[in-house]
Amino acid sequence: MPSPPTRAGCALCREAEPLPFDFSYAFQPIVDIQAREVFAHEALVRGPTDEPADTVLSRVTAENRYSFDQACREKAIRIAAGLQLPSCLSINFLPNAIYRPEVCIRSTLQAAERYGFPVERIIFETVEGEQVSDGKWLAEILSEYKRIGFKTAIDDFGAGFAGLNLLADFHPDIVKLDMALIRGIDHSRSRRAIVAGVMSMCDELDIEVIAEGIETADEARCLSDLGIRLMQGYWFGRPRFEQAAGEADIPWGV
């Protein structure tokens, strides 16, 4: 494992101050339309009484970013375990807050053990649209997570800075297509061609594809025709504050 680009994570673990604000989570289902089951729930930050994410994220600073990232993992696992979540749990992480993944992941592993949530059902998503100073360092973080046993995902694929260069250095378990590619895909030849190309590439690399941001039955049907079975969006279910969706809550008529 190469040295991180900035400060050592172990020092941050020792010196981290408690967060000056509280937060919670809403959970949005990611469905498998072929198996007709909920594949995962994405944990989405909310205020402590379901306030919008911006009310929390606007209070994250360079000084508390590391503490916030660590607290997010622990709380998402704790709530998911309390809900007896039968699916995978997908957690967004902040790559610029991670300095030594083999050290910084300890609290996550401890939380999984404490609350009885299987490590192999935890997915860590990194947002492609977040600028990172060192793409190869991000690949090292993801590789370490995968080695430990977590699933890994690149979120918003096609929207940001990492893209194909990140895939050249690291093969995640999952790629989540950016919603801008999905919106109106049933009426867009260019979007269908791009998604078909990504599907072909991911098949070659043994990477699962999730289409996110689906809002209509026609979008879902078009994506199904392109071979995508994992889908997420308001059409299948909105985020539920501190609750999880079951198979009976999903409109399966795709």
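Is Gly227 buried, partly exposed or exposed, and what is its relative accessible area? Gly227 is partly exposed, at 41%. Here, buried means under 20% relative accessible area, exposed means over 50%, and partly exposed is what falls in between, all with a 1.4 Å probe and protein chains only.

A quick note before the views: this is a predicted model, where local features need pLDDT of at least 70, side-chain atom pairs count only at pLDDT 80 or more, and totals for chains, interfaces and linings use all residues. Residues are numbered from 1 along each chain as its sequence is written, and side-chain values use heavy atoms, with hydrogens and water left out.

**View 1. Gly227 sits in the loop between helix 10 and strand 8.** Helices (H or I, at least four residues) and strands (E, at least two) are DSSP runs, numbered from the N terminus. Just after helix 10, Gly227 takes on a positive phi of about 100°. Now look for Ser200: it is 27 residues from Gly227 along the chain, and their C-alpha atoms are separated by 9.8 Å.

**View 2. Strand 7, helix 10 and strand 8 build a right-handed β-α-β unit.** Helix 10 covers residues 217-225. To check the hand yourself, point the strands away from you: the crossover is right-handed if the path from the first strand over the helix to the second runs clockwise. Strands 7 and 8 pair in the parallel sense over two bridges, where pairing takes at least two bridges found by DSSP. Ala211 stands opposite Met231 in strand 8. On the helix, Ala217, Glu219, Ala220, Cys222 and Leu223 are buried. What do the buried residues of helix 10 pack against? They pack against helix 8, helix 9, strand 7 and strand 8, with contact meaning heavy atoms within 4.5 Å.

**View 3. Strand 7 also runs parallel to strand 6.** Strand 6 (residues 174-177) and strand 7 (residues 208-211) are joined by four bridges. One spot to find is Ile174, which stands opposite Glu208 in strand 7.

**View 4. Strand 3 is mostly covered.** Five of the six residues in strand 3 (residues 88-93) are buried. Strand 2 (residues 37-46) pairs with strand 3 in the parallel sense, over four bridges. Which residue of strand 3 is the bridge partner of His41? That partner is Leu89. Leaving out residues up to four places away in sequence, Leu89 touches His41 as well as Phe27, Ala43, Ala76, Ile77, Ala80, Phe117, Arg121, Ile122 and Ile123. In a regular strand, side chains alternate between the two faces of the sheet.

**View 5. The largest nonpolar core has 60 residues.** A nonpolar core is a set of buried Ala, Val, Leu, Ile, Met, Phe, Trp, Tyr and Cys residues, joined through side-chain atoms within 4.5 Å. The residues with the most contacts inside the largest core are Tyr25, Leu89, Leu177, Leu223, Ile228 and Met231. A second, separate core has nine residues, including Phe39, Cys88, Ala153 and Leu230.

**View 6. Ala112 is tucked into helix 5 (residues 106-115) as a buried residue.** The relative accessible area of Ala112 is 4%. Not counting neighbours within four places in sequence, Ala112 is in contact with Ile77, Phe117, Val119 and Ile122. Ala81 is 31 residues from Ala112 in sequence and 8.7 Å from it in space, C-alpha to C-alpha.

**View 7. Asp22 and Lys75 form a salt bridge.** That term covers a side-chain nitrogen of Lys or Arg within 4 Å of a carboxyl oxygen of Asp or Glu. In this pair the closest N and O atoms are 2.9 Å apart. Asp22 lies in the loop between helix 1 and strand 1 and Lys75 in helix 3, so the salt bridge ties together parts that are 53 residues apart in sequence. Asp22 is partly exposed at 45%, whereas Lys75 is buried at 13%.

**View 8. Arg183 and Glu215 meet through their side chains in another salt bridge, at 3.5 Å from N to O.** Arg183 is in the loop between helix 8 and helix 9, and Glu215 is in the loop between strand 7 and helix 10, 32 residues apart. Arg183 is partly exposed at 30%, and Glu215 is partly exposed at 43%. A search of the whole structure finds 15 salt bridges.
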